[in-house]
Amino acid sequence: MAKKPDWSKEEQAVQAVQLAFDLSNDIQRAFRVSAALQDMTTADMVRKVLQLPYRKNRARPRLTITLRDEDFEVLAKKYGLDPNDRAAIRQRVAGELQAFASNYLAG
């Protein structure tokens, strides 16, 4: 007999309600900086302040950026790469971001 898939997490996600708050730039910055210093997401920092359960560490710590085709063309030209070689572009971008962070943290 086949086991039924467990949909409980998906059902919980559907039932969740996302709230957005219009707060000043200073308040938002305070949450972002505090979260970053504690290696947390901003949402988890808000949950911590509200004394709600939250993840102690980021599940998948990563930076994200959305790139359009035009962005890949600009980056390919910058790095001297083929605009269609997105893996190579991604690798060069990762290297540049790592270099920035190293210089920032050293300074």
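The following exchange asks how some of the labels given to this predicted model are justified.

Author: This is a predicted model, in which local features need pLDDT of at least 70, side-chain atom pairs count only at pLDDT 80 or more, and totals for chains, interfaces and linings use all residues. Residues are numbered from 1 along each chain as its sequence is written, and side-chain values use heavy atoms, with hydrogens and water left out.

Reader: What makes up the secondary structure of the chain?
Author: The chain has 5 helices and 0 strands, and along the sequence it reads α-α-α-α-α. Helices (H or I, at least four residues) and strands (E, at least two) are DSSP runs, numbered from the N terminus.

Reader: How do you know that the span of helix H2 agrees with its number of residues?
Author: The expected span of a helix is 1.5 Å times one less than its number of residues. For the 13 residues of H2 (residues 25-37) this gives 18 Å, and because the end C-alpha atoms are 18 Å apart, the two values agree.

Reader: Why is Ile-89 called buried, and why is Arg-90 called exposed?
Author: Buried means under 20% relative accessible area, exposed means over 50%, and partly exposed is in between (1.4 Å probe, protein chains only). Ile-89 has a relative accessible area of 0%, and is therefore buried, whereas Arg-90, at 67%, counts as exposed. Ile-89 lies in helix H5 (residues 86-106), and Arg-90 also has its place in H5. The C-alpha atoms of Ile-89 and Lys-78 are separated by 9.7 Å, while those of Arg-90 and Leu-75 are separated by 9.3 Å.

Reader: What makes Asp-39 partly exposed, and where is Asp-39 found?
Author: Asp-39 has a relative accessible area of 40%, so it falls in the partly exposed class, and it is found in the loop between H2 and H3. Asp-39 also has a positive phi of about 55° although it is not a glycine.

Reader: Why is Gln-51 called exposed?
Author: The relative accessible area of Gln-51 is 73%, and because exposed means over 50%, the label follows. Gln-51 lies in the loop between H3 and helix H4 (69-79), and its phi is near 60°, a positive value in a residue other than glycine.

Reader: Which residues make the nonpolar surface patch?
Author: Val-17, Leu-19, Phe-21, Leu-23 and Ile-27 make a nonpolar surface patch of about 530 Å². Patches are made of residues with over 30% relative accessible area and no salt bridge (a side-chain nitrogen of Lys or Arg within 4 Å of a carboxyl oxygen of Asp or Glu); like charges are joined within 9 Å, and nonpolar side chains (Val, Leu, Ile, Met, Phe, Trp, Tyr) within 5 Å. Phe-21 is exposed, with a relative accessible area of 57%, and is found in the loop between helix H1 (8-15) and H2.

Reader: What lines the largest pocket?
Author: The largest pocket is lined by 22 residues, of which Leu-19, Phe-21, Ala-43, Val-46 and Arg-47 lie nearest its centre. H2 and helix H3 (42-49) are the elements that give two or more residues to this lining, and H3 provides the largest share, 6 residues. About 800 Å³ of space lies in the largest pocket. On a 1 Å grid over the protein atoms alone, a pocket is an open set of points where a 1.4 Å probe fits, with protein on both sides within 12 Å along at least five of seven lines, and lining residues have an atom within 4 Å of a point.

How values were computed. Areas by Shrake-Rupley, 256 points an atom, 1.4 Å probe, with all protein chains shown as cover. Points joined across faces, edges and corners; volume = space filled by probe spheres on them.
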